[in-house]
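Hi everyone, thanks for making time for this one. Let me put the sequence and the model up on the screen, and then we can walk through it together.

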Amino acid sequence: MNKAAFKTIAENRKARHEYFIIETFEAGIELVGTEVKSIRGGGVNLKDSWCSVDNGELFVKGMHISPYEHGNIFNREPLRVRKLLMRKKQIMQLYGRVKQDGLTLIPISIYFKNSLVKVQLGLCKGKKIHDKRDALADRAAKRDIERTLKERTR
């Protein structure tokens, strides 16, 4: 896939901090025209969003898409529930893992793949406080190592 065909619009950094991402999936999303225009302008926030399976269909909740400035009466509610598009078999497998293993489906990023808007979903397990501290300590250690290596090369 070339660079022009794949353009990331927004990422959910909070999800990477709060959860262990076990597996990722790609899903389409059902949008209206003004929402797509707003997304093209970067007006999307995934911070507090999550996914659920209702009646065999996959939905994303809590995703904020800002109203399009020139959309007037055609704008939809920013926090409305949006349907995700996946094959029924995949949805049922995800539903089984979420119910049985106590995992959560979280949108990790939203991006354009060619001209289509896609959502990357993560099958996640929640981190405990000590796991978050360990991750922060590891990141700080790596940053210190890189800093000292950079100073030595000067």
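Lys-14 is partly exposed, because its relative accessible area is 36%, and that falls between the 20% and 50% cut-offs. Please keep in mind as we go that this is a predicted model. You can find Lys-14 in helix 1, which covers residues 13-18. If we set aside the neighbours within four places in sequence, Lys-14 is in contact with Lys-47 and Asp-48. For a sense of distance, take Leu-121, which is 107 residues away from Lys-14 along the chain. The C-alpha atoms of these two are separated by 14 Å.

Now to another lysine. Is Lys-132 buried or exposed? Lys-132 counts as buried, because its relative accessibility is 19% and the limit for buried is under 20%. This lysine lies in helix 4, residues 129-152. Its contacts, again without the neighbours within four places in sequence, are His-17, Glu-18 and Lys-127.

Let me zoom out to the whole chain for a moment. The protein chain has four helices and nine strands. Going along the sequence, the order is β-α-β-α-β-β-β-β-β-α-β-β-α. The C-alpha trace spans about 60 × 40 × 30 Å along its principal axes. There are 154 residues in the chain, and 33% of them count as buried. The accessible surface comes to about 10,300 Å², and carbon and sulfur atoms own 50% of that. If you like contact statistics, here is one: among contacts with a separation of 6 or more, 68% are between residues 24 or more positions apart.

Back to single residues, and this time to a valine. Val-60 sits in strand 5, residues 57-61. Which residues does Val-60 touch, not counting those up to four places away in sequence? The list is Ile-29, Ser-49, Trp-50, Cys-51, Arg-80, Val-81, Arg-82, Leu-84 and Pro-107. Val-60 counts as buried, because its relative accessibility is 0%. One of those partners, Arg-80, is 20 residues from Val-60 along the chain, and the two C-alpha atoms are separated by 8.9 Å.

Cys-51 was on that list too, so let's talk about cysteines. How many disulfides does a search of the whole structure find? The search finds zero. Cys-51 is in no disulfide, and the nearest cysteine sulfur to it belongs to Cys-124, 9.5 Å away. Seen from the other end, Cys-124 is in no disulfide either, and its nearest cysteine sulfur is that of Cys-51. Cys-51 is buried because its relative accessible area is 8%. Cys-124 is buried as well, because its value is 0%.

Next, the backbone. Most residues other than glycine have a negative phi. With that in mind, here are two asparagines to look at. Asn-55 has a positive phi, near 55 degrees. You'll see Asn-55 in the loop between strand 4, residues 50-54, and strand 5. Asn-55 is exposed, because its relative accessible area is 80%. Asn-114 also has a positive phi, of about 60 degrees, although it is not a glycine. This asparagine is in the loop between strand 8, residues 104-113, and strand 9, residues 116-126. Asn-114 counts as exposed, because its relative accessibility is 59% and the threshold is over 50%.

I've saved the cavity for last, since I suspect some of you were waiting for it. The structure holds one cavity of 30 Å³ or more. The largest cavity has about 50 Å³ of space in it. Which residues line the largest cavity? They are Thr-34, Glu-35, Ser-38, Ile-65, Ser-66, Pro-67, Tyr-68, Asn-75, Arg-76 and Arg-82. Arg-82 may sound familiar, as it is also one of the residues that Val-60 touches. By type, the lining divides into three nonpolar residues, four polar and three charged. Helix 2, residues 33-40, gives the most to the lining, with three residues.

That's my tour, so please jump in with any questions.

Key. Residues numbered from 1 in each chain as written. Predicted model: local features only at pLDDT ≥ 70, side-chain atom pairs only at ≥ 80, totals over all residues. Heavy atoms only, no water. 1 Å grid on protein atoms, 1.4 Å probe; cavity = no way out; pocket = protein on both sides within 12 Å on 5 of 7 lines; lining within 4 Å. Points joined across faces, edges and corners; volume = space filled by probe spheres on them. Helix = DSSP H or I, 4+ residues; strand = E, 2+ residues; numbered from the N terminus. Nonpolar A, V, L, I, M, F, W, Y, C, P; charged D, E, K, R; others polar. Buried < 20%, exposed > 50% of the residue type's maximum accessible area, 1.4 Å probe, protein only. Contact = heavy atoms within 4.5 Å. Areas by Shrake-Rupley, 256 points an atom, 1.4 Å probe, with all protein chains shown as cover. Disulfide = S-S within 2.5 Å.
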